Protein chains: 2
Amino acid sequence: MNDPHVLPPGKLIRLSELSTRGTDYCDDRDRAEAQFFALRDELAEWQHRLYAEGRRKLLVVLQATDAGGKDGAIRHVFRGVNPQGVVVTSFKAPTKVELDHDFLWRVHNAAPGAGMLGVFNRSHYEDVLVVRVDRLAPEEVWQARYEQINQFEKLLHDTGTTLLKFFLHISHEEQRERFQARVKDPSKNWKFSHEDLVKRRQWDAYQEAYDDMLNHCNTPWAPWRVIPADHKWYRNYAICRALVETFREMNPQYPPALPELSEVEVD
Amino acid sequence: MNDPHVLPPGKLIRLSELSTRGTDYCDDRDRAEAQFFALRDELAEWQHRLYAEGRRKLLVVLQATDAGGKDGAIRHVFRGVNPQGVVVTSFKAPTKVELDHDFLWRVHNAAPGAGMLGVFNRSHYEDVLVVRVDRLAPEEVWQARYEQINQFEKLLHDTGTTLLKFFLHISHEEQRERFQARVKDPSKNWKFSHEDLVKRRQWDAYQEAYDDMLNHCNTPWAPWRVIPADHKWYRNYAICRALVETFREMNPQYPPALPELSEVEVD
């Protein structure tokens, strides 16, 4: 697998130096969209096999700037999979009960079981993002979390979960356009709130927090992928391709028949 | 809405008198399949609106004879919805912890939240089916459950959940053919076990238990639909149609913009 979006291990990166447009990799939208539809059908087939195999797990983690396209990516990439084998968990502001536990408690609870494809819309990474930017915890608390996250993800990896972490990377201008569209379009109003404007003013603080998250938690067992996401067609294509290539390597199989059942005549 | 599969309230029914083939309602497979694809697209649009509205809930309950097509129905009907707004719960044999609680405890926990479409693959009805046929509880225990279920479903209904209960009805011969296909087809072996053959020998006891379940729990707030399911194309079409017609009645709407946000210029 040769995915240009996987961050190279051990090399410091800065989001400001990475493309948000992705046309370095592919500038032919028609071709990418045609491939996307074929990849999406292949994804549905692989997911069915993962479920039938009933042994390993796949966990997709989506993080992004606001309006970065997490919801849209889930809607488009996972259209076609069998919802029986897919669990999407959207992590919102933690409840009182969740805050009474360590920050990984609710996340661990949502980890996919055998044969399942889990999707995290936001994740434990919020605990080094919004928590840091809004100073919801002291620095020594969120600083310790990078290593805690790495060890947690290692546990998942070592016990049969393949992790695919995507950061959807959009530009400041692209965010402006998407927010404005949410104001204008009645079918998108519900996605827009005052809080979005507050967070937009914290853009630089978030970019710094993203940089640290990407650099501190880019491990061999759970590397980050930074997806140029200004173009939705490119974003969907790149995520779907990474998923399908991961599945091709995992190569889940239908379990064979029990020998004593292979000759049964049902009456 | 005029759904021929809804059981008439207050009238005793027997499964043995109901068609498993469904061609009384539609014998034009090509037309039904074309309509099914259009209905499935409409279903995805409605589900998105339910999610955006974020207020009401829809719960689909699927029960069937073994090989009756629950998994296939979920895979085909719900292909296309956004897995972020859909939670499928497959109820297996209860765990030790679940058995330490009342039979509705784990079911209540899986009830869909605001804006969500929940799908139960098997359900609390197993507690008046396998529990009865295999004598896992005394008769007075499972007899009391019909009314307990009715009251539980009334609570869900009264607090914003629309319930759609489907019984997938296949013939004894159709089950034989499907089991035999699972023996022969390597991609289906994993769905077949010794237990299936044991349960097939209990066919008559299950039909009796189904009859009682359908008659005792066919309430105005949660009526049963019996879907003729020997033809998979008819089953998928009938389920999808009932879902879409229910959604048309519910008619969920995108929430309007907050007045103070409707003129915002994002900078």
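**Exercise 1. The interface between chain B and chain A**

Determine how much area chain B and chain A bury between them, and which three residues of chain B supply more of its share than any other three.

*Solution.* Step 1: chain B and chain A bury about 3,900 Å² between them, and 58% of this area lies on carbon and sulfur atoms. Buried area is the accessible area (1.4 Å probe) that two parts lose on being put together, summed over both. Step 2: Gln84(B), Trp190(B) and Val266(B) supply 18% of the area that chain B buries against chain A, more than any other three residues. Step 3: the contact takes 45 residues from chain B and 45 residues from chain A, where contact means heavy atoms within 4.5 Å.

The structure is a predicted model, in which local features need pLDDT of at least 70 and side-chain atom pairs count only at pLDDT 80 or more, whereas totals for chains, interfaces and linings use all residues. Residues are numbered from 1 along each chain as its sequence is written, chains are lettered from A and ligands numbered from 1 in the order in which they are written, and side-chain values use heavy atoms, with hydrogens and water left out.

**Exercise 2. Polar links and the elements at the interface**

State how many salt bridges and how many residue pairs in polar contact the rules find across the interface of chain B and chain A, and identify the element of chain B that gives the most to its side.

*Solution.* Step 1: four salt bridges cross the interface of chain B and chain A; a salt bridge is a side-chain nitrogen of Lys or Arg within 4 Å of a carboxyl oxygen of Asp or Glu. Asp41(B) forms a salt bridge with Arg79(A), with the closest N and O atoms 3.7 Å apart. Step 2: 12 residue pairs, with both residues at pLDDT 80 or more, are in polar contact across this interface. A polar contact is a pair of N or O atoms within 3.5 Å; within protein, one must be able to donate a hydrogen and the other to accept it, and residues adjacent in sequence count only if both atoms are side-chain atoms. Step 3: the elements of chain B that give two or more residues to the side touching chain A are helix 1 (29–53), helix 2 (70–77), strand 2 (86–90), helix 7 (172–184) and helix 8 (194–200). Helices (H or I, at least four residues) and strands (E, at least two) are DSSP runs, numbered from the N terminus. Helix 1 of chain B gives the most, with six residues. Step 4: by class, this side of chain B has 22 nonpolar, 12 polar and 11 charged residues. Ala, Val, Leu, Ile, Met, Phe, Trp, Tyr, Cys and Pro count as nonpolar, Asp, Glu, Lys and Arg as charged, and the others, Gly among them, as polar.

**Exercise 3. The relation between the copies**

Describe the turn and the shift by which chain B can be laid on chain A.

*Solution.* Step 1: a turn of 180 degrees and a shift of 0.0 Å along the axis lay chain B on chain A with an RMSD of 0.0 Å. That is the relation of a two-fold axis. Copies are superposed by least squares on the C-alpha atoms of residues with pLDDT of at least 70 in both. Step 2: 100% of the interface residues of chain B are also interface residues in chain A, so the copies meet through the same surface.

**Exercise 4. Salt bridges within a chain**

Locate the partners of the salt bridge between Glu42(B) and Arg248(B), and do likewise for Glu174(B) and Arg178(B).

*Solution.* Step 1: the side chains of Glu42(B) and Arg248(B) meet at 2.8 Å, N to O. The pair links distant parts of the chain, 206 residues apart, with Glu42(B) in helix 1 and Arg248(B) in helix 10 (residues 232–250) of chain B. Glu42(B) is partly exposed at a relative accessible area of 24%, and Arg248(B) is partly exposed at 42%. Buried means under 20% relative accessible area, exposed over 50%, and partly exposed in between (1.4 Å probe, protein chains only). Step 2: the closest N and O atoms of Glu174(B) and Arg178(B) are 2.8 Å apart. Because they stand four residues apart in helix 7 of chain B, Glu174(B) and Arg178(B) are separated by about one helical turn. Glu174(B) is buried at 13%, and Arg178(B) is buried at 8%.

**Exercise 5. The surroundings of Ile149(B)**

Establish whether Ile149(B) is buried or exposed, and list the residues that it touches.

*Solution.* Step 1: Ile149(B) lies in helix 6 (residues 139–158) of chain B and counts as buried at 0% relative accessibility. Step 2: not counting residues up to four places away in sequence, Ile149(B) touches Phe103(B), His124(B), Tyr125(B), Val128(B) and Cys217(B). Step 3: Tyr125(B) is 24 residues from Ile149(B) along the chain, and their C-alpha atoms are separated by 8.2 Å.
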